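Student: Could you take me through one part of this model in close-up? I'd like the place where the two chains meet, and then whatever sheet you can show me afterwards.

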Amino acid sequence: MISVNLSAVFYLISGVLFILALRGLSSPETSRQGNFFGILGMVIAITVTFLSIGNFSSGFVYVLIFLLIGGLIGAFIAYKIPMTAMPELVAGFHSLVGLAAVFVAISAFLNPEAFNLGYPGDIKLGSLIEMSIGAAVGAITFSGSIIAFLKLQGIMSGSPITFKGQHPLNALMLISIVVVTYFLCSTQSSNLFWILLSISFLIGFLLIIPIGGADMPVVISMLNSYSGWAAAGIGFTLENTALIITGALVGSSGAILSYIMCKGMNRSFFNVILGGFGATEQSASSSNKEQKPVKSGNAEDAAFLMKNASSVIIVPGYGMAVAQAQHALREMVDTLKKNDIKVSYAIHPVAGRMPGHMNVLLAEANVPYDEVFELEEINNDFANADVAFVIGANDVTNPVAKTDPQSPIYGMPVLDVEKCKSVLFVKRSLSPGYAGIDNDLFYRENTLMLFADAKKMTEDITKNL
Amino acid sequence: MEIDPFIFRLSIFILSVFIGYYVVWSVTPSLHTPLMSVTNAISSVIIVGAIIAGLAGNSESIFNTSSIFGFLAISLAAVNIFGGFLVTQRMLAMYKKKKKDK
């Protein structure tokens, strides 16, 4: 058994190691080392906890058993999961953090003596408040992440579910959380604790159902942030520095990612959270525009254009992930490079279903990361490029965002693909993207539409090169 | 008069939020997905609380309502710890630089 002070020092060390783990992600070279620091921090935290309890009785064996069960499941998932399913995986993992926070809070509420928080029915006021916050945020994270997971997995429709009185209902429930917490603290009643948990579960569910599939990058980042705040709340209850530091890090990390994602769509955070985007616009715009002439081509035409180009910029989007076309795409690029054509990739901040989704998929397909560029880095290059190859992206290329103040996506930063000499647009049909608006690009003189499955089209082009 | 220890913890918390803010802004956008999976893994340090809860049962009865929740939380957090770190490692191993000879 080690002293309380010594274990506090070790918790601090593991907190610092977690900071270094995030710091390592500033560049791919240092990132692997960063991950190692993270693992080291975790090992220290767990070991110190065992040592500080000093109880190596039969309970200890059960701890190891449960740890091992969870660990094996986690390791199995980590090795099996395809990279295209990363958003679902992360959403699922968030739900587990949330639920673990809830369970720890329940356990602390039922047996406060084990945590030095007082006695059942007489828990220290500060601890009870911290516990309630941790439990409530954890419960919201859990049910919200489950909904996000179901939407991403396609089990639940990705379209927003809205009903009348939704916002007042949510507001009412948020207020009731505060009220219940207040009475919980004054009466210490366990019934109120369960009510608090139920309301929190329900509100997480209600918060996420009105948010559409394409807003998932914001939702996932937001839930990431919540899972951090939940951990921090529990950290205060347990008076544990490692948990407080980590909770704060994760909380601010998720908040920053949500901000970046919202900026990528030029929408305010509240606009996304209140949801229902794209549910109305669709019918009005699609009927009158379908008559416009569209140039469509086949793989041969596309191959011809690219063969005669000297530089090509590839714009991947969620459609590429759905079609699992990243490997086929890289093969096509390899062939282009053999013909001395310069190829780079342009990634919009909100491409895909989570932050950095496209980068991971391209990395999986062995695309070197120094060929992949962010919007600001590459946007000026479109004017000098010969061909833009848009595969599975749509709204992020729509020039209407720059020209039409009436458009719902006006002001959103977009990739200037229309400045290229020619644009190849791989898409299954002319249907609008998630914003429900027509893409002006389809009807441009220099655009060639390639109607096909992204993977199949890419393979066909490679054959024709 | 002594300062309440809560204030110290609050100070750690606030400063950590700021550290998180600056550290995360320096993360390159192409690594945002690994960032999410690694933050997921480290937030499972909540397992510390779960272990305390699981070991709280007395020697006659290891399993009571409170410790069962603790044991369950251990498993949940362990899924995240192992899954989170391993999947991050798997992703990071894929990020390669352009080979010079090509």
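Tutor: Here is a walk through the contact between the chains, followed by a look at the sheet in chain A.

Keep in mind that this is a predicted model. Let's start with who takes part: chain A brings 102 residues to the contact and chain B brings 75. Put together, chain B and chain A bury about 8,200 Å² between them, and 78% of that comes from carbon and sulfur atoms. On the chain B side, the residues that lose the most area to chain A are B:Met36, B:Ile46 and B:Leu55, which together make up 9% of what that side buries.

Now for the polar part. Between chain B and chain A there are 19 residue pairs in polar contact, counting pairs with both residues at pLDDT 80 or more. As for which parts of chain B do the touching, four helices each supply at least two residues to that side: H1 (5-25), H2 (32-43), H3 (47-54) and H4 (65-92). H4(B) gives the most, with 25 residues. Sort the chain B side by residue type and you get 49 nonpolar, 21 polar and five charged.

Salt bridges come next. Over all chains the count is 11. The one that crosses between chains runs from A:Glu239, in the loop between H8 (216-238) and H9 (241-264) of chain A, to B:Arg9 in helix H1 of chain B. The side chains of A:Glu239 and B:Arg9 meet at 3.4 Å, N to O. Across the interface of chain B and chain A, that makes one salt bridge.

On to the sheet. Chain A has an open sheet of six strands, in the order S5-S4-S3-S6-S7-S8, with parallel pairing. At the edges sit S5 (372-374) and S8 (447-451) of chain A, each pairing on one side only. From one strand to the next, the twist averages 25 degrees. If you zoom in on the S5 edge, S4 (residues 342-347) of chain A runs parallel to S5(A) and is joined to it by three bridges. One residue pair to look for there is A:Ala346 with its bridge partner A:Phe373 in S5(A).

Two helices of chain A are worth a look against this sheet. H12 (residues 299-307) of chain A packs on it, touching S3 (311-316), S6 (387-391), S7 (422-427) and S8 of chain A, and the direction of H12 makes about 145 degrees with that of S7(A). H18 (residues 454-464) of chain A packs on the sheet too, touching S6, S7 and S8 of chain A, with its direction at about 145 degrees to that of S6(A).

Technical notes: Residues are numbered from 1 along each chain as its sequence is written. Chains are lettered from A and ligands numbered from 1 in the order in which they are written. This is a predicted model: local features need pLDDT of at least 70, side-chain atom pairs count only at pLDDT 80 or more; totals for chains, interfaces and linings use all residues. Side-chain values use heavy atoms; hydrogens and water are left out. Contact means heavy atoms within 4.5 Å. Buried area is the accessible area (1.4 Å probe) that two parts lose on being put together, summed over both. A salt bridge is a side-chain nitrogen of Lys or Arg within 4 Å of a carboxyl oxygen of Asp or Glu. A polar contact is a pair of N or O atoms within 3.5 Å; within protein, one must be able to donate a hydrogen and the other to accept it, and residues adjacent in sequence count only if both atoms are side-chain atoms. Ala, Val, Leu, Ile, Met, Phe, Trp, Tyr, Cys and Pro count as nonpolar, Asp, Glu, Lys and Arg as charged, and the others, Gly among them, as polar. Two strands pair if DSSP finds at least two bridges between them. Axes are lines fitted to C-alpha atoms, for helices over the stretch in contact, and angles run from 0 to 180 degrees between N-to-C directions.
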